[in-house]
Structure formats: C-alpha cells, structure tokens
Amino acid sequence: MVEKQLPRLTDWFRVPQKFKTLLIIPVQIIMNFTAMIPFALTWYVGMTDWTPQFTTNWWEATFIGPVSFLKVANDTLFLEAILRTLTISAVVVPVEFMLGFTMAYVFSGRFFGKKFLTLALVAPMMVIPAVGGWTFFLMFVESGPVNGILSMLTGSKVSIPWLTNPTYALLTIMLVDIWQWTPFIFLIMSAALLSVPQEPINAAYVLGATKWYTFRKVTLPMLKRPMIIALILRAIESLKIFDYPYMITGGGPGHATMTISMQLYESGFKYLKYGSTTTESLVILIALIIVGWYAVKPLRG
Amino acid sequence: MNGRQSAIFYTIFRLIFAFGAVFCALFPLYWMLTMSFKDMIEWTPTEVHWWPWYPTIGNYLILFFPKDLVVQWGFFKPYIMLISETAVKSITNSLIFSICGTAIALFVGTCAAYSMSRYKAGGDYMFLTFRMLPPVAILMPIVIWYATLGLLDNPIGVILLYGLFPVPFVIWLMRSFFDELPKEIDEAAIIDGASPATTFVKVILPLVRGGLAVTALFIFILNWSDLVVALFVTHRVAITIPVQIGLYYSDAGHLYGIMSALGVFAIIPTLVFGLAIQKYLVRGLTFGAIKG
C-alpha cells in the first residue's frame with residue numbers, strides 16, 4: 001500500500017515550485033494593498049462627482065457614470081497642462097541630452113583633475129528635487145544672483161522678472177530640470193563611451209577617416225542602446241515634473257507653470273474636486289501604462 | 001593648424017568647458033549654502049551679496065530650538081512669528097520613514113527578484129511599467145483609499161508607500177546582481193542537500209551583500225528625496241523634511257535663510273550616500289540595464 005504523503009507546511013521552503021510562489025507573496029501583498037485596491041476603487045470614484053465638502057464618504061456621492069470621462073475632454077486647464085508638460089519634455093530632453101553627451105565626450109580622455117571635476121558635475125543629481133527647486137528659486141528671484149550676474153556682464157542694472165513673467169517662469173522650470181538631470185545623461189554616456197572598444201576606431205583612423213566621420217559612423221552606432229535608454233528614462237521622468245513648479249512658482253503666475261502633476265494636485269487638494277481629479281488621474285494612468293509598456297522594451301535587455 | 005596646435009587648442013577648450021560646467025553645477029548649491037548663513041536683512045537685498053556680510057547661525061538654531069529660546073538669544077524677532085514649531089519632528093520622521101520604507105522595499109523586492117532571476121517568476125515588466133507612471137496620478141486613488149481606512153497623516157501609511165514605490169528599482173537592481181552569480185552555485189547547494197530556502201538565505205544572500213548595500217543606499221536616497229508622497233498623505237503629524245521646507249514658504253513671507261538651512265540639512269545624506277555609490281548610480285537609475 002502506497003501511503004500518500006500529506007502536504008506539510010515546510011514544503012513551502014523545500015519544493016522549488018512552492019518556494020517560487022512564497023517569494024512573490026510579500027510583494028503581492030504590498031502591491032495589492034497599497035496600489036491595486038485603490039486602482040480598482042478609482043474606477044468607481046472616477047464616475048462620481050464626489051467633493052468632500054458635501055459628502056464625506058465616497059460611497060455617498062452621486063454616481064454619474066462614464067459621462068465623467070467625457071467631462072475630462074472639456075477641462076481646458078487639464079488639457080493645457082498636458083500640452084505644457086509635453087512642451088517642457090520636448091525642450092528639456094534634447095537639451096539635456098546634447099549637453100550631457102558633449103560633457104561625456106569632452107571628459108572621455110584622461111586629464112588632470114578628472115575625478116574631482118566628475119564628482120562636482122554629478123553633485124546636482126544627488127540634490128533632492130525639492131531642494132533643487134528651492135535653490136533655483138533663490139537664484140532666480142529678482143534680487144537674486146542670476147540678475148546680478150547678468151548685470152555684471154552687461155554693465156547696467158538688469159532685473160528680469162524670472163518668476164512672475166509666464167514665459168520666463170516656464171523657462172526657469174526647464175532650467176532646473178536641465179541643471180539637475182544633465183549629469184544623469186553625462187553619467188550614462190560616460191559609462192557607455194568607456195565600454196566602446198577602441199580597435200574599430202583606430203582601424204578607421206588608419207584607413208584615413210576623419211575624427212568627425214569616425215565618431216559619426218563608428219562610435220555612435222555602438223552607443224545606440226545606452227542613448228535610447230537614457231532618452232526614454234528622461235522623457236518619462238520629465239512627464240512627472242512636480243517638485244520644481246511646486247517649490248518655485250506654485251504653478252503660477254496664473255497657470256503658466258502648471259504641469260500635469262501640479263494640475264492634479266491643485267484641482268484635488270486646493271479645489272477638492274475629488275471626483276473629476278480621480279477621473280483625470282485614471283486617464284493619465286491608462287495613457288501612461290500603454291506608453292510605458294512599450295517604452296520599457298529597450299530596458300528588457 | 002597642425003596636429004600639435006589643435007591638441008593644445010582642444011586641451012584649452014576642454015578646461016574652459018569643464019570649469020564652466022562645474023561652475024554651473026555648483027553655484028546654485030554654493031548660493032543656498034551661503035544663504036543659510038545669511039542674516040534676515042540679507043535675504044532680499046537691493047544689491048546682490050555674493051557672500052554673507054553678517055554671517056549667523058541663527059537659521060540653523062531656529063530649526064532645532066524652540067522659538068522663545070532663539071528670540072532670547074537675539075535672532076530674527078519679526079520673522080519668528082511665522083514659525084510654529086521646530087524641524088526636529090520632520091527630520092526624525094524623514095529618517096524613520098526612509099529607513100523603514102527602505103527595509104520593507106528591500107525585503108519584498110529581494111525575495112521577488114530572486115524568484116524572478118532563478119525560477120523565472122513573471123511580473124517583472126509590470127513593475128517596470130509601474131515605475132513609469134507619475135506618482136501624483138497613483139496617489140490620488142491612494143489618498144481616497146487611505147481616507148477610508150484612516151491611514152492619512154499616519155506614519156504607517158507613509159512607510160507602506162515608501163516600501164511600495166521603490167520596489168521596481170529593488171527588483172531590477174537585485175535581479176541584475178543575482179543574474180551575475182552563476183547558476184551552478186545554486187545547483188551545487190541543492191545537490192549538497194540544501195533546500196531552496198536554505199540556498200537562498202545561507203548561500204546566495206551572503207554572496208550579494210555588496211549589491212544589497214548599494215541597493216539599500218540607493219533606495220534610501222529615493223525615499224529621502226520624496227516630496228510627492230509625503231505631501232499627499234500627510235498633513236501635520238507625519239510630515240517629512242521636503243514638506244516642511246514648503247511649509248516655511250507662505251504668502252506671509254519667504255523665510256529664505258531658514259528654508260535654505262533645512263535644505264542644506266536635507267541634501268547632506270543624499271550627497272554623501274550618492275557620491276559613495278557613484279559607481280553604481282548608472283546601474284541603479286537605468287534599472288540595471290547599463291552596468292556602468
């Protein structure tokens with residue numbers, strides 16, 4: 001008679017298939033509790049017109065159905081915020097990339113003081129974004145050093161209203177992002193340049209290619225993957241911009257520096273439009289899940 | 001221009017470029033540092049003060065000592081009205097939340113990473129996509145959920161989120177460290193009679209402890225830098241340093257020096273840890289895709 005072995009508790013540690021599941025359980029618990037349940041909840045709350053001034057609990061709010069999604073299309077502030085964020089992205093990412101890549105290329109050889117200079121260059125990235133925003137507030141206030149330096153250079157008193165003029169305020173936000181994240185591109189591209197093999201480049205020189213031609217035709221193709229990864233990560237991160245406008249301008253003047261994140265924060269927490277804010281969050285989440293799913297492909301190795 | 005001349009030209013260009021870049025990178029930090037030592041009358045002068053003319057440590061004192069005491073010592077009488085409490089609470093909060101959150105993220109992430117690396121458990125790309133989403137959009141539903149549970153402005157709520165948001169980084173970083181270990185080590189341990197759990201805890205984890213340390217510091221930096229999460233789910237009790245900096249900023253007046261002092265305080269750990277793991281930063285920020 002074959003005695004059927006009963007499953008034991010310690011099997012979870014002994015049987016590979018069970019151990020595999022056991023290892024995944026903690027992350028599942030925290031993920032479901034803090035992210036998945038709220039996400040499911042969003043679908044309901046997003047279809048109500050909940051504002052906490054009138055009904056304290058979300059389940060007491062009036063259910064208006066999927067019409068709420070159509071309302072998003074009429075929210076001009078939200079649409080403008082999306083457009084503005086995309087503009088910031090479109091300016092900031094190429095500038096950061098060009099600057100960072102140039103820096104990495106200039107720093108690629110050996111020279112005196114390289115280690116120290118690299119440390120100094122990477123420092124802005126270590127600064128927490130909120131404080132980075134605050135330093136730029138200090139720099140760009142009308143009585144601040146940026147106007148001071150410009151005054152010194154031009155020889156006459158310059159007082160550009162960096163933070164109170166809509167265009168300049170947006171420019172300031174872009175500048176912080178460039179200041180803080182150019183080092184990121186610099187680090188990635190430095191690492192990539194180091195890993196490029198020298199033989200093909202030397203071969204190209206021997207065959208009589210110019211420096212620029214070699215760079216374009218030999219070095220660049222070998223840097224394709226790191227370049228794509230750096231660009232994608234920066235593009236996605238720049239869509240999340242929140243700390244800088246929050247610390248520097250608070251979204252103002254008017255709505256000049258309202259990014260998507262700032263807009264959601266403001267309509268949710270300042271005007272307490274929880275229902276419509278949740279709908280908008282959901283729209284952003286779905287759009288970015290789709291974009292993100294394809295964008296992370298190069299990272300998959 | 002012959003080769004030698006062009007080499008000299010390039011060297012000079014490189015030096016000028018490097019120093020220009022370093023100046024741009026460091027000047028804002030220099031400015032905040034000096035601002036934190038400036039007296040109130042120098043906060044918004046009509047003419048730019050390039051260094052503190054009347055250096056003071058009053059800004060730092062006000063962060064750590066009750067305001068009556070600081071007034072007694074003779075610092076900042078007019079602005080003192082705007083400050084309700086010291087920053088000690090937010091600093092301890094930041095420390096506790098960051099450390100606990102890092103511990104949770106490290107635990108759940110490392111387990112999952114090992115499962116994904118050795119047993120090909122799925123879900124790794126899902127976490128990568130999760131990281132690509134803007135935290136603000138994820139937080140709006142979480143705030144509603146937390147309000148239902150009564151977890152708003154509660155340390156546990158913040159710690160849970162600090163344990164959740166960095167998990168994709170932990171998974172992908174630790175996975176890259178696990179993948180570097182040859183599979184034969186696991187197989188040898190199994191053949192010697194160790195169970196999968198023993199292999200993981202007693203054989204593999206000690207081998208990646210360097211990677212664990214790097215990941216822990218990296219996650220600590222991420223959590224310490226966070227403004228958004230704390231801003232959304234805290235109000236008074238559980239505020240952290242970045243939120244506190246924003247609280248000193250009000251329509252009544254910008255407390256330039258005090259905010260800068262707290263800012264300097266906030267960036268010290270990230271600067272120290274960040275420069276310590278500089279070699280691994282590329283790997284961390286690219287989710288292990290570029291080894292650096």
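**Exercise 1. Ser267(A) and its surroundings**

Task: Find which residues Ser267(A) contacts once its neighbours within four places in sequence are left aside, and decide whether it is buried or exposed.

Solution: Keep in mind throughout that this is a predicted model.
- Start with the contacts: with those sequence neighbours set aside, Ser267(A) still touches Lys273(A), Ser276(A) and Thr277(A).
- Next, place the residue: Ser267(A) sits in helix α13 of chain A.
- Now do the count. There are 21 other C-beta atoms within 10 Å of Ser267(A), and the cut-off for buried is 20 or more, so Ser267(A) is buried.
- Finally, go for something distant in sequence: Phe78(A) is 189 residues away along the chain, yet its C-alpha atom lies 9.3 Å from that of Ser267(A).

**Exercise 2. The loop after α13(A)**

Task: Work out what is unusual about phi of Leu272(A), a residue that is not a glycine.

Solution:
- Locate it: Leu272(A) belongs to the loop between α13 (260–270) and α14 of chain A.
- Read off the backbone angle: phi is positive, about 55 degrees, although this residue is not a glycine.
- Recall the background: most residues other than glycine have a negative phi.
- Check the environment: Leu272(A) has 14 other C-beta atoms within 10 Å, so it comes out as partly exposed.

Try the same routine on chain B. Asp153(B) lies in the loop between α6 (135–149) and α7 (155–164). Its phi is also positive, near 60 degrees, and Asp153(B) isn't a glycine either. With 15 other C-beta atoms within 10 Å, Asp153(B) is partly exposed.

**Exercise 3. Two helices crossing**

Task: Classify the crossing of helices α3 and α14 of chain A, and say which residues make the contact.

Solution:
- Take the geometry: the axes of α3 (residues 67–74) and α14 (residues 274–295) of chain A come within 9 Å and cross at roughly 85 degrees.
- Apply the class: 65 to 115 degrees counts as roughly perpendicular, so α3(A) is roughly perpendicular to α14(A).
- List the partners: α3(A) brings Ser68(A), Phe69(A), Lys71(A) and Val72(A), while α14(A) brings Gly275(A), Ser276(A), Thr279(A), Glu280(A) and Val283(A).
- Sort them by class: the contact has 3 nonpolar, 4 polar and 2 charged residues.

Ser276(A) should ring a bell: it is one of the contacts of Ser267(A).

**Exercise 4. A buried glycine**

Task: Decide whether Gly144(A) is buried or exposed.

Solution:
- Place it: Gly144(A) is in the loop between α6 (129–140) and α7 (145–154) of chain A.
- Count: 20 other C-beta atoms lie within 10 Å, so Gly144(A) is buried.
- Look for partners: beyond residues up to four places away in sequence, Gly144(A) touches Leu138(A) and Met139(A).
- Add a distance: the C-alpha atoms of Gly144(A) and Trp162(A), 18 residues apart along the chain, are 10.0 Å apart.

**Exercise 5. Where the chains meet**

Task: Describe the side of chain A that touches chain B, by helix and by residue class.

Solution:
- Size it by residues: 80 residues of chain A contact 74 residues of chain B.
- Find the top contributor: helix α2 (residues 16–45) of chain A supplies the largest share of chain A's side, 17 residues.
- Split by class: that side of chain A has 63 nonpolar, 12 polar and 5 charged residues.

**Exercise 6. The largest nonpolar core**

Task: Which residues of the largest nonpolar core touch the most other members, and which helix gives the most to it?

Solution:
- Pick the hubs: among the 168 residues of this core, Val170(B) and Val229(B) touch the most other members.
- Pick the helix: α8 (residues 166–195) of chain A gives the most, with 14 residues.
- Check the domains: both domain 1 (3–61) and domain 2 (88–285) of chain B supply at least three residues.
- Zoom in on one hub: apart from residues up to four places away in sequence, Val170(B) touches Ala105(B), Leu106(B), Gly109(B), Thr110(B), Ala113(B), Thr215(B) and Ile219(B).

**Exercise 7. Two domains in chain B**

Task: Describe how domain 1 of chain B meets domain 2 of chain B.

Solution:
- Get the separation: the C-alpha centres of the two domains lie 32 Å apart.
- Count the contact: domain 1 gives 9 residues and domain 2 gives 7.
- Name the elements: on the domain 1 side, α1 (3–36) and α2 (58–64) of chain B each give two or more residues, and α1(B) gives the most, with 4.
- Sort by class: the domain 1 side has 6 nonpolar, 2 polar and 1 charged residues.

Conventions. Residues numbered from 1 in each chain as written. Chains lettered and ligands numbered in written order. Predicted model: local features only at pLDDT ≥ 70, side-chain atom pairs only at ≥ 80, totals over all residues. Core = buried A, V, L, I, M, F, W, Y, C linked by C-beta atoms within 7 Å. Buried ≥ 20, exposed ≤ 12 C-beta atoms within 10 Å, placed from the backbone. Domains from an automatic or database assignment. Nonpolar A, V, L, I, M, F, W, Y, C, P; charged D, E, K, R; others polar. Axes fitted to C-alpha atoms, helices over the stretch in contact; angles between N-to-C directions. Parallel < 35°, antiparallel > 145°, perpendicular 65-115°, else oblique.
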